[in-house]
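Trainee: I am new to this structure and would like a close look at a single part. Please take one strand, and then go on to the ligand.

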Amino acid sequence: MTPQPGGPARDVSRETARDDVSRETWSEAGEPAWPEPAAIDTPIGAEAERAVRLLHAAAKGTLPRPERQRVFTIANQKGGVGKTTTAVNVAAALALQGLNTLVIDLDPQGNASTALGIEHRPGTPSSYEVLIGEIPLRDALQRSPHSDRLYCVPATIDLAGAEIELVSMVAREGRLRSALASLTDYNFDYVFIDCPPSLGLLTINAFVAAPEVLIPIQCEYYALEGVGQLMRTIEMVKAHLNPQLDVTTVILTMYDGRTKLADQVASDVRAHFGDKVLRTVIPRSVKVSEAPGYGMTILGYDPGSRGAMSYLDASREIAERRQ
Ligand SMILES: Nc1ncnc2c1ncn2[C@@H]1O[C@H](COP(=O)(O)OP(=O)(O)OP(=O)(O)O)[C@@H](O)[C@H]1O
Ligand SMILES: [Mg+2]
């Protein structure tokens, strides 16, 4: 049987943090005795020091548990804006800080499954079988190889046919919601649903299943293009299928501080969405884009990097700004 999150699992994150530094760097009190930043004069040294700090701080698990489970749909029909990267890295950051977290991959591309190192070859029990009602959601759960508290329902290529198959099905828009509601024996604090770049039935199922929408916006030309259509779809779902639906969070991704454009986009998005926009901005970083190639999140691949720091900060903001 698959072990449940929140069970008597070992606190691997804490052990990992300790394993990453040599014994001499830990004082008797069990606290790391790293040198002051001024004493670290190489970029690699500074990055290693940040990694130790990050893992140590995260392993303390200081984040508050939400009063009840929070379910987020991560959506933007614009392709390549950072939906999947945000889903897996925010989820991994929350798991690292002690919260039980589930990512549901609802994109036939299966990018979230890849990034979490989760098996998703054709034939693997996946979100497709869950949506068409062949299996309960618990039968498609896989635990991340990198964290005891991070789970994933993978997507296989079979999901590509689901948009069409769902059309003729009963309660076609509410199938993910029902599947999630029947997952009573697991204790997930956060659920993130990673959507494909479209506003078809897969994304509608995600909107019906989640009270909260998180919209990633890339700091590039045409950043707000299509946002009007996205908001109209959300309003339509809210009016007819899920009155609780609300855009609670907007995150700016792939920010390049060297360009004026990025600042312009960021201020346009803040003017449009107000305080829904996280203060934390995710920088453009090669390491963030490399991590999925190793089946890892940025927090596992390079915990000292700016990308890891920013996703950790974003996860804290999400956890602290609304319960
Ligand atoms: N902060 C970042 N810095 C650099 N590259 C990034 C960053 N975030 C995402 N990327 C890269 O940009 C590409 C698109 O990101 P991602 O797959 O997360 O977007 P998406 O919105 O999920 O795309 P799709 O619409 O295809 O599902 C990927 O190659 C990803 O690795
Ligand atoms: Mg994606």
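Mentor: In this predicted model, strand β2 covers residues 101-105, and five of its five residues are buried, so the strand counts as mostly covered by the cut-off of 20 or more other C-beta atoms within 10 Å. The side chains divide between two directions: Thr101, Val103 and Asp105 point one way from β2, while Leu102 and Ile104 point the other way. Both sets are buried.

Next come the partners of the strand. β2 pairs with strand β4, residues 150-153, in the parallel sense, and four bridges connect the two. Within this pairing, Leu102 of β2 stands opposite Tyr151 in β4. β2 is also joined to strand β5, residues 190-194, by five bridges, and these strands run parallel as well. Here Thr101 is the residue that stands opposite Tyr190 in β5.

The ligand is a separate topic. Around ligand 1 there are 19 residues, of which Lys83, Thr84, Thr85, Pro197 and Ser289 come nearest. Three elements give two or more residues to this shell: α3 (83-96), β7 (246-255) and α11 (286-290). Of the elements, α3 gives the most, with three residues. Sorted by class, the shell around ligand 1 holds ten polar residues, six nonpolar ones and three charged ones.

Conventions. Residues are numbered from 1 along each chain as its sequence is written. Chains are lettered from A and ligands numbered from 1 in the order in which they are written. This is a predicted model: local features need pLDDT of at least 70, side-chain atom pairs count only at pLDDT 80 or more; totals for chains, interfaces and linings use all residues. A residue is near a molecule or strand if its C-beta atom, placed from the backbone, lies within 6 Å of it. Ala, Val, Leu, Ile, Met, Phe, Trp, Tyr, Cys and Pro count as nonpolar, Asp, Glu, Lys and Arg as charged, and the others, Gly among them, as polar. A residue is buried if 20 or more other C-beta atoms lie within 10 Å of its own, exposed if 12 or fewer, and partly exposed in between; C-beta atoms are placed from the backbone. Two strands pair if DSSP finds at least two bridges between them.
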